[in-house]
Amino acid sequence: MLADEAAKLGAVLIHYSTDYVFDGTARRPYDEDDPVAPLSAYGRSKLAGERAVLESRAKSLVLRTSWVYGLSGRNFLLTMRRLAAERPEIRVVDDQTGTPNWCRELARATAHLVGEGLPRLVDRAGLYHLSARGATTWYGFARAILADRPSVRVVPITTAEYPTPARRPAWGVLSTARFERTFGFALPEWRTSLAECVGSPAKAGPA
């Protein structure tokens, strides 16, 4: 796997994981030492992946994040925009709380880490939470995305009213204190990043 190749080359592997490794029963931001208990096959596979990387011979940074969106691919922001163009009303879950993260902001943070240089990353290898500040529900996120479309009605619903094949944690807010102490910078508040995202060209680098 990539970790084995990184170990052979003396490189540092940067690996991304997810808040879905937690069961969502907490009511404070999760830190890196909190017990994990994924509810879905996706969460279990991500947990297995981060453990394999951390237990390998490679020096690595495992970065847990959440609710990633952007202006390309398949994600919540683009889904809301598509539905807003098709329907006068959108029903969105309001009892799952987390933090939206713009993929370009995560890319910037990763570039910043790489710019720190190999020796510094080797000394600080380990598990970290990397996330924007603040929190909201999917409903709150949808309202923020569609703030410029007042003709579209966004209706809050419960998870029970929108069943999915995989269970999702009701709470996925991540504490980034360890990351900020170690590397000396933080991501912006999620609304700040969303405003920059929706105001940026879709094709200008990572979305």
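In helix α6 (residues 138–145), the buried residues are Trp138, Tyr139, Gly140, Phe141, Ala142 and Ile145. Buried means under 20% relative accessible area, exposed over 50%, and partly exposed in between, with a 1.4 Å probe and protein chains only. Helices (H or I, at least four residues) and strands (E, at least two) are DSSP runs, numbered from the N terminus. The model is predicted: local features need pLDDT of at least 70, side-chain atom pairs count only at pLDDT 80 or more, and totals for chains, interfaces and linings use all residues. Residues are numbered from 1 along each chain as its sequence is written, and side-chain values use heavy atoms, with hydrogens and water left out.

Six of the eight residues of α6 are buried, so the helix is largely enclosed by the rest of the structure. Its buried residues pack against β3, α3, β4 (89–93), β8 (136–137), β9 (153–157) and α8. Contact means heavy atoms within 4.5 Å.

The pairing of α6 with helix α8 (residues 190–198) was examined further. The two axes come within 11 Å and cross at roughly 40°. That makes α6 oblique to α8. Axes are lines fitted to C-alpha atoms, for helices over the stretch in contact, and angles run from 0 to 180 degrees between N-to-C directions. Angles under 35 degrees count as roughly parallel, over 145 as roughly antiparallel, 65 to 115 as roughly perpendicular, and the rest as oblique. The crossing is right-handed, that is, the near helix is turned clockwise from the far one by less than a right angle. From α6, Gly140, Phe141, Ala144 and Ile145 meet Trp190, Arg191 and Leu194 of α8. By class, this contact has five nonpolar, one polar and one charged residues. Here Ala, Val, Leu, Ile, Met, Phe, Trp, Tyr, Cys and Pro count as nonpolar, Asp, Glu, Lys and Arg as charged, and the others, Gly among them, as polar.

Aromatic pairs were searched across the whole structure, and 12 were found. Rings of Phe, Tyr and Trp (its six-membered ring) pair if their centres lie within 6.5 Å; planes under 30 degrees apart count as stacked, over 60 as edge-to-face and the rest as tilted. Tyrosine 20 and tyrosine 42 form an edge-to-face pair, with 5.8 Å between centres and 85° between planes. Tyrosine 20 lies in the loop between β1 (12–18) and α2 (41–54), and tyrosine 42 in helix α2, so the pair ties together parts 22 residues apart in sequence. Tyrosine 20 is buried, at 15% relative accessible area. Tyrosine 42 is partly exposed, at 45%.

A second pair involves α6. Phenylalanine 76 and phenylalanine 141 are stacked, at 5.2 Å centre to centre and 20° between the planes. Phenylalanine 76 sits in helix α3 (residues 76–86) and phenylalanine 141 in α6, so far along the chain as to be 65 residues apart. Both residues are buried.

Trp67, Tyr69, Phe76, Trp138, Phe141 and Trp190 form one aromatic cluster. Within the cluster, tryptophan 67 is found in the loop between β2 (59–65) and β3 (68–69). Tryptophan 67 is buried, with a relative accessible area of 9%. Its phi is positive, about 45°, although it is not a glycine. Most residues other than glycine have a negative phi.

Serine 56 occupies the loop between α2 and β2. Serine 56 counts as buried at 18% relative accessibility. Beyond its neighbours within four places in sequence, serine 56 is in contact with Met1 and Ala3. Its C-alpha atom is separated by 8.2 Å from that of alanine 7, 49 residues apart along the chain.
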